[in-house]
Amino acid sequence: MTKRVAIVTGANKGIGYAVVQALCKQFDGDVLLTGRSEERCKAAVAELQKQGMSPKYHQMDLDDQTSINKLRDFVKEQYGGIDVLVNNAGIAFKAASTAPFSEQATVSCATNFYGTLNVCNTLFPLLRPHARVSNVSSMASQMSIAKCSDEIKAKFKDPKITMDQLKALIQQFIDAAQTDSHQKQGFASSAYGMSKVGVTVMSFIQQRELNSDPREDIVVNACCPGYVDTDMSSHKGPKTIEQGADTPVYLAMLPSGTTSPKGNYLSDRTIKNWG
């Protein structure tokens, strides 16, 4: 019998850590905790073992395609496929950051959008029928799409948008940010928010593509975990990491044959009308 596996990215702390914790209790199979630093992954696993759980770990950095390939090869060899993928890894510049906006736009989109997309493109061929994918986006994507011009908004919200068109739009935002003309061109002025617009729309496209895939019942959703007390929010969020993990875990555990939510954006386990 092939062993089932759930992979959680960016899982050595914060929301990702709490997702691993919850999946260890709910998911029937191995839970694979991944993160940029092998040391931090090891420490997180040791902490969870003290709580009576037995997750596995593997190093993976969103920004390093070689590390994504190594994870894919390991999973293919050990498990033959993937049953759950929670794309939680991401970065955010602090509000007080002095990095120029051009840099924030480039780095945020490189990691949060392109990095997540690269993980998906590398790991999706391993998704088994009935697999569940939970892409952790943000309410910042909702706030940013609302601030885009009608023209840009319509492009992102086009139900027929392709992944190439989405990549071109995100690239247009990055390019515009280099000359500080992103707002003039109709984009919002949040680098993090725009990178997460990319993640949300990417999720919609992925579901549409998978609907015609021969592997049945693969479900992809994007979600906002809420404003959580983590390093990323400088511990300003009111939600605990366990509360933040609730919707990503709910989407990871959707039962067989789920027709809704499917290709949606959710927060607090509720489908939201995005944009």
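## A walk from the sheet outwards

Strand β1 (residues 5-8) runs parallel to β2, and four bridges join the two. That's a handy place to enter this predicted model. One rung of that ladder is easy to find: Ile-7 in β1 has Leu-32 in β2 as its bridge partner.

Stay with Ile-7 for a moment. Its relative accessible area is 0%, so it counts as buried. Leaving aside residues up to four places away in sequence, Ile-7 touches Leu-32, Thr-34, Leu-71, Val-75, Ile-82, Val-84, Leu-85, Val-86 and Leu-123. Take Thr-34 from that list: Ile-7 and Thr-34 are 27 residues apart in sequence, yet their C-alpha atoms sit 7.3 Å apart in space.

Now step across to β2 itself. Six of its six residues are buried. In a regular strand, side chains alternate between the two faces of the sheet. Here Asp-30, Leu-32 and Thr-34 lie on one side of β2, with Val-31, Leu-33 and Gly-35 on the other, and both faces are covered. Part of the local scenery is helix α2 (residues 38-50), which lies across β2 (30-35) and β3 and runs at about 170° to β3.

Zoom out and you'll see where these strands belong. Eight strands make an open sheet with mixed pairing, in the order β3-β2-β1-β4-β5-β6-β7-β8. Its edges are β3 (56-59) and β8 (270-271), each of which pairs on one side only.

Further along the sheet, β6 is worth a stop. Strand β5 (residues 127-136) runs parallel to β6, with five bridges joining them, and Asn-135 stands opposite Ala-222 in β6. Strand β7 (residues 265-267) also pairs with β6 (residues 219-224) in the parallel sense, over three bridges; there, Cys-224 has Ser-267 in β7 as its bridge partner. How many of the six residues of β6 are buried? Six of them are, so to speak a full house. Val-219, Asn-221 and Cys-223 point one way from the strand, while Val-220, Ala-222 and Cys-224 point the other.

For a helix, look at α7 (residues 163-178). Its 16 residues reach 23 Å from first C-alpha to last, close to the 22 Å expected at 1.5 Å a residue. The buried residues in α7 are Met-163, Leu-166, Leu-169, Ile-170, Phe-173, Ile-174, Ala-176 and Ala-177. Why do they end up on the same side of α7? Because they cover an arc of only 165° around the axis. What covers them includes α4 (101-123), α6 (150-157) and α8 (191-210). After the helix comes Asp-180, which has a positive phi near 55°.

Finally, the whole chain. It holds nine helices and eight strands. The radius of gyration is 18 Å, close to the 19 Å that the globule rule gives for 275 residues, so the chain is as compact as a globular protein of that length. Along its principal axes, the C-alpha trace spans about 55 × 40 × 35 Å. Buried residues make up 53% of the 275. Among contacts with a separation of 6 or more, 73% come from residues 24 or more positions apart. The Ile-7 and Thr-34 pair, 27 residues apart in sequence, is one you've already met.

Notes. Residues are numbered from 1 along each chain as its sequence is written. This is a predicted model: local features need pLDDT of at least 70, side-chain atom pairs count only at pLDDT 80 or more; totals for chains, interfaces and linings use all residues. Side-chain values use heavy atoms; hydrogens and water are left out. The expected span of a helix is 1.5 Å times one less than its number of residues. Buried means under 20% relative accessible area, exposed over 50%, partly exposed in between (1.4 Å probe, protein chains only). The arc is that of the directions from the helix axis to the C-beta atoms. Contact means heavy atoms within 4.5 Å. Two strands pair if DSSP finds at least two bridges between them. Axes are lines fitted to C-alpha atoms, for helices over the stretch in contact, and angles run from 0 to 180 degrees between N-to-C directions. The radius of gyration is taken over C-alpha atoms; the globule rule is 2.2 Å times the number of residues to the power 0.38.
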